[in-house]
Amino acid sequence: MTTPRRGRSTASPGLPSWVLGAAGVATLLILLELLPLLGIVDPRFLPPVSQMFAALVTNASTPEFWVALAQTVTTWFLGLAISVVAGVVIGVIIGNSPFLREFTASTIEFLRPVPSVALIPVAVLLLGTGMASTLLLVIYAAFWQVLIQVLAGVQDVDPIASDTARSYRFRTVTRMRAVVWPTTLPYAMTGLRLAASVALILTVTGELLISGDGIGGALAVARESGAIASMYSYVIVAGTLGVLVNVLARWVEQRTLFWHPSVRLELVA
Amino acid sequence: MTTATVRTAPKRSRSGSRTRSLARRLFMLFALPIILVALWWFGSAGSTNYLNPPLSTIMAEFWPTWFGGDSFADTRFAQDVLPSVVRMLTGYGIALVFGIALGVLIGTNRSLRAFLEPVLEFFRAIPPPVLVPVFMLFMGIGPEMRIAVITIGCLWPVLLNTVEGVRGLDPVLKDTTRAYRIHGWRRLFKFVLPGASPQIITGARQSLSIGIILMVISEMFAGKDGLGFMIVQFQRSFAIPQMWGGVILLGLLGVVLSLIFRVITDAVLKWYYGYLQSQRGGS
């Protein structure tokens, strides 16, 4: 599986992929700089990318910027942590009992696709316009991602391993640790990765629509005051945050699953 | 798994067990939802809390709010909800077409993929709600802006998953199509798209929920009509039972859309599930 691929990659002519990737980024930056300068796009709507970065530097030298960034990251992290813990605990409990799994299946299937943004007005009325409302949105969206994956993971436990554990009279705790958890962990990690980016989306949504603080709030303020370059600088910040979240989630996944065949294969390749 | 089948097998052969198992399944399906609704219904029955009205009041307001009117065309459902859904599906449809087409193109071309991958990863990582204020600059707050926002937001998951799917195509099958000189459209429709379809559908599923989120946000943030706007309007004018009704309607909409999605994808991926099962049974 791995040998032919490697052979092909060395055989294929051309530049290494990171050079091409860097060239792609450079092309995008040049395009974003030239389009408004040449008047193809109205510079009032899309300022040259150099101005965006200038605005980013200006913003980054104010303490407010870092406060906003810290707020966004805090809300994201808290929401994600709560939903991961709740999703794993509830998922393992429900998944291990055939009765509970069947009993809750219809409710989970019904509640999961309910868009979390539907909760915005309810959250605002009941919890006010602070961080708690945004947290509620984040948790509602991220929790299902983890729960569904953990449920699938618990169900995927090898029946032979499960029966073996039972024959050897493993205690419940031992069975959980030795049989259920290693099977569930890769699924939980997939859930974590999905939940991490969903949590960021809902964090920014909450800040835009509810609380008006954090990166989302700063972006809305910049737009309302007509500071367009500054608004784009916050878009860049939000995108960078998103990239970091993805990288971090993948890193955690590889770190916790270093023993798992899927990761070991990747390392070999 | 095995123990479960052993245990249920003798039960089935007994007479009358079919109705019993049907009753059991119905119980499992409806017990918890009924309990939860009953809890809400009776728990809120005597509620004098202004913000948390009795469920009976919410339900009493539900029909006149959304379906009240001289004709169907006059109802809020036809005036606000349906246009919202149509906009959502339009944007989603455009994103699917472009995402799959571009994804196949990028996925089959190694250099192009290396060239674009970092840029695409960055665009995917931008939380899509951020697009709403940006697109408002270019397009105002009309329906075009909302469709554009939904399209762009839904594009990345489909695009990147298609790229991954095309990249992960079975190398043996790839060589086989080459050996048999299967080229062009035939290769695309018989090999590339079906082979990548599990991944494409994963992307389409992520996109669907992003599309619903963007539909609501674009209307809540800026707009004068649509389901999201109505809900916020009710909240701001303190029409609390109507607002709760809107929240329930939006929730139901999410559920119905995901059900339709499920039915369609189950049909598309039938072969794949069968394949997975045979793999599992074989090993």
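Q: What pattern does chain A follow when you read along the sequence?
A: In this predicted model, chain A runs α-α-α-α-α-α-α-α-α-α-α-α. The tally comes to twelve helices and zero strands.

Q: How do you know how chain A compares with a compact globule of 269 residues?
A: Set the two radii of gyration side by side: such a globule would have one near 18 Å, but chain A has 23 Å. So chain A does not match the globule rule, which is 2.2 Å times the number of residues to the power 0.38. Along the principal axes, the C-alpha atoms of chain A fill a box of roughly 75 × 60 × 30 Å.

Q: What makes a residue of chain A count as buried, and how many do?
A: The test is 20 or more other C-beta atoms within 10 Å of its own. In chain A, 38% of the 269 residues count as buried.

Q: Which residues touch the most other members of the largest nonpolar core?
A: That core has 125 residues, and the ones to look for are A142(A), V146(A) and A199(A). Leaving out residues up to four places away in sequence, V146(A) touches, among others, S83(A), V88(A), A188(A) and L192(A).

Q: How do you know that chain A and chain B touch?
A: Contact needs C-beta atoms within 7 Å, and 46 residues of chain A are in contact with 47 residues of chain B. On chain A's side, α11(A) gives the largest share, eight residues. By class, that side has 32 nonpolar, twelve polar and two charged residues.

Note on methods
Residues numbered from 1 in each chain as written. Chains lettered and ligands numbered in written order. Predicted model: local features only at pLDDT ≥ 70, side-chain atom pairs only at ≥ 80, totals over all residues. Contact = placed C-beta atoms within 7 Å. Helix = DSSP H or I, 4+ residues; strand = E, 2+ residues; numbered from the N terminus. Nonpolar A, V, L, I, M, F, W, Y, C, P; charged D, E, K, R; others polar. Core = buried A, V, L, I, M, F, W, Y, C linked by C-beta atoms within 7 Å. Buried ≥ 20, exposed ≤ 12 C-beta atoms within 10 Å, placed from the backbone.
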